[in-house]
Every structure is written in structure tokens, then in C-alpha cells.
Amino acid sequence: MREMISEQQWTFYQKNGYLVVENILSKQRLEILHEALEKRYRLEGNKAGEEGSNIQGVRRLCNLIAKDRAFEKLAIEPIALEMAKRAIGDDMRWQAMNFHDPIPSDPRPHQAIHADRSFFKNCTAYFNVVWALDDMTEQNGATRLVPGSHNQPWPKDVLTDAKETVEGEIYATCPAGTAIFLHGDVWHGGRANHSTSPRRVIHLGYCSPNTAPQYEIANSLTPEVRQRLGAHCTLIPNTLASFNQEEQ
Ligand SMILES: O=C(O)CCC(=O)C(=O)O
């Protein structure tokens, strides 16, 4: 298969623990994703986000893969799979797929800076894609991240107040349609939205197979979805029950 990531981009990612690639999703695809998310958000009502973590002040949806064909397609976006494979290895799984939209003017979505891998027991490799579905600006809450921090101890082990600004942090400002690729150990965090319009993103987490999914992914995928996924079924994690059994 033709490589979509250049050696220069890969070298940048390895050195900095992140990579921003613009112009992946077309305007038309963004519109389809916006529509699908808004429709789903209305449908789930006060249950929205309940499978995973409900974050105060954030419009949230979780376990998206099987909830719309547009999400299914995004979960197997070739450039993201190529990056994830380079980062994790050929044998990798989906860990989570969530919608995250900090409500304008609400300060509560400002997150503690964190490294994703630090949340998941036994996880030997984690890779996150933040799909920007609106332009990400300093004002509307572009993700903060610290270049090169994937080579440092995790924030939870060294910081007393991880909500504060961290030396060297930058904002991943970018246009809608961009993918922000994050190493599982890179320090980053979601921010509050101080604009008047939405800041919609989808987070897509890929992990080593020994990592439990955030919620039940395997049993949410119908035979029809699996048939369409074909060879991509290798990305389906084991059931949550199998991970729970291992622990007993
Ligand atoms: O949406 C973002 O800017 C990043 C959010 C994040 O890091 C998280 O929810 O763990």
C-alpha cells in the first residue's frame, strides 16, 4: 500500500509525540459528520455519553463506531490506520470513539493535562486521533499539548495541579478536516470554549490488544457492520467480559 505519511512527518511525530495533518476530511464529509452527530445527540437525549465518561459542560457521545456509517468510515480512515500501526504495531485494537464538544462559555471543560496511556491498565501502547470537525482556534478551545513530553514521566506522577498552564505547552490550532495524531504518552488536554460557536471533535483511540476497551465495542458491532468492515475486523477488541474475567 502507498504510504500517506512521509518520513519527515514520521520523524516529527517521533521527536514531538504529535503530528497535525490538515485537509483530510472534505467539506462534504464534514457536513455529513456534523449532521450525523447532531442527529445522534438529539436521539440519545439525556443518555448521551453514558457508556463512557460524561464530562461536565461537554456535549458528549460515546462508542460511536456502529452508530452511523459516517463514524464507521472514520474509524478505518486509511491515514489514521497507517499512523496508528506505525505507533502501535500491526496488532492493534480500537479502544474508544467519542464525540467531544465543550459548550461555549462554560469553564468546566478545561481538563487537567494528561497522558492517555496512563489511564489504562496493562496498556503498552496507545495512540489517539483528535479529528477536528470545526476550525480549532485558541479562543474556541484548541487542544493544548506539550511537544516532546512523551519522553517524560506522566503528568499525574509529577504535577501537583495539572489544570495549570504547563511550561512549553502549545495549542493545536488547525482548520476543520484536520487530524491531530497524539502519542499515548504525550501531555495534552481539552480546553474550554470561549467562543460562541461549537468546537466539535471526535476522539479515536487505538491501543495494544492487552488493553480493555473503554466500553463494550465488540458486542455493539452487528453482523452487517462486521461484513462491511471485512479485514478491519482485526481492530475489534475482545469483549469487556473477557477482560473482566482475566482480572478474576
Ligand atoms: O478534545 C480535546 O481537545 C482533547 C480532549 C482530551 O484529551 C480528552 O478528552 O481526554
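Start with Ile-202: setting aside neighbours within four places in sequence, this residue is in contact with Leu-33, Leu-37, Leu-64, Phe-71, Leu-74, Met-97, Asn-98, Phe-99, Val-129, Val-130, Trp-131 and Leu-133. Keep in mind that what you're looking at is a predicted model.

Ile-202 belongs to the largest nonpolar core, a set of 50 residues. The residues with the most contacts inside this core are Trp-94, Trp-131, Phe-181, Tyr-206 and Ile-202 itself. Which helix gives the most to this core? That's H4, covering residues 78–88, with 6 residues. There is also a second core, separate from that one, with 12 residues, among them Val-130, Ala-132, Ala-142 and Leu-145.

**Around helix H4**

H4 deserves a walk-through. Its buried residues are Ile-79, Ala-80, Leu-81, Glu-82, Met-83, Ala-84 and Ile-88, so you'll find a glutamate on that list, given that buried means under 20% relative accessible area. What do they pack against? On the helical side there are H1 (7–16) and H3 (69–75), and on the strand side E1, E4, E7 (179–183) and E9 (201–207).

Arg-86 is also in H4, but it isn't on the buried list: it counts as partly exposed because its relative accessibility is 23%, and the buried class stops under 20%. Not counting residues up to four places away in sequence, Arg-86 touches Glu-3, Ile-5, Glu-7 and Trp-10. Take Ile-5 from that set: it sits 81 residues from Arg-86 along the chain, with 9.9 Å between the two C-alpha atoms. Right after H4 comes Gly-89, with a positive phi near 120°.

**Two non-glycine residues with positive phi**

Gly-89 is a glycine with positive phi, but a positive phi also turns up at Asn-23 and at Ser-105, neither of which is a glycine. Here they are side by side.

| Residue | Phi | Loop between | Relative accessibility |
|---|---|---|---|
| Asn-23 | about 60° | strand E1 (18–21) and helix H2 (27–44) | 67% |
| Ser-105 | about 75° | strand E3 (93–102) and strand E4 (126–132) | 59% |

Are these two buried or exposed? With 67% for Asn-23 and 59% for Ser-105, both count as exposed, because the cut-off for that class is over 50%.

**The chain overall**

Zooming out, the chain's secondary structure amounts to 7 helices and 9 strands. Its radius of gyration is 17 Å, close to the 18 Å that the globule rule gives for 248 residues, so the chain is as compact as a globular protein of that length. If you want a box for the C-alpha atoms, roughly 45 × 45 × 40 Å along the principal axes does it.

Of the 248 residues, 53% are buried. How much of the contact network links residues at least 24 apart? Counting contacts between residues at least 6 apart in sequence, the share is 84%. The surface the chain exposes comes to about 11900 Å², with carbon and sulfur atoms supplying 48% of it.

As for charges, there are 27 positive and 31 negative ones, and their mean positions lie 4 Å apart.

Note on methods:
Residues are numbered from 1 along each chain as its sequence is written. This is a predicted model: local features need pLDDT of at least 70, side-chain atom pairs count only at pLDDT 80 or more; totals for chains, interfaces and linings use all residues. Side-chain values use heavy atoms; hydrogens and water are left out. Helices (H or I, at least four residues) and strands (E, at least two) are DSSP runs, numbered from the N terminus. Buried means under 20% relative accessible area, exposed over 50%, partly exposed in between (1.4 Å probe, protein chains only). The radius of gyration is taken over C-alpha atoms; the globule rule is 2.2 Å times the number of residues to the power 0.38. Contact means heavy atoms within 4.5 Å. Accessible areas come from the Shrake-Rupley method with a 1.4 Å probe; for residues, only the protein chains shown count as cover. Lys and Arg count as positive and Asp and Glu as negative; His and the chain ends are not counted. The place of a charge is taken as NZ of Lys, CZ of Arg, CG of Asp or CD of Glu. A nonpolar core is a set of buried Ala, Val, Leu, Ile, Met, Phe, Trp, Tyr and Cys residues joined through side-chain atoms within 4.5 Å.
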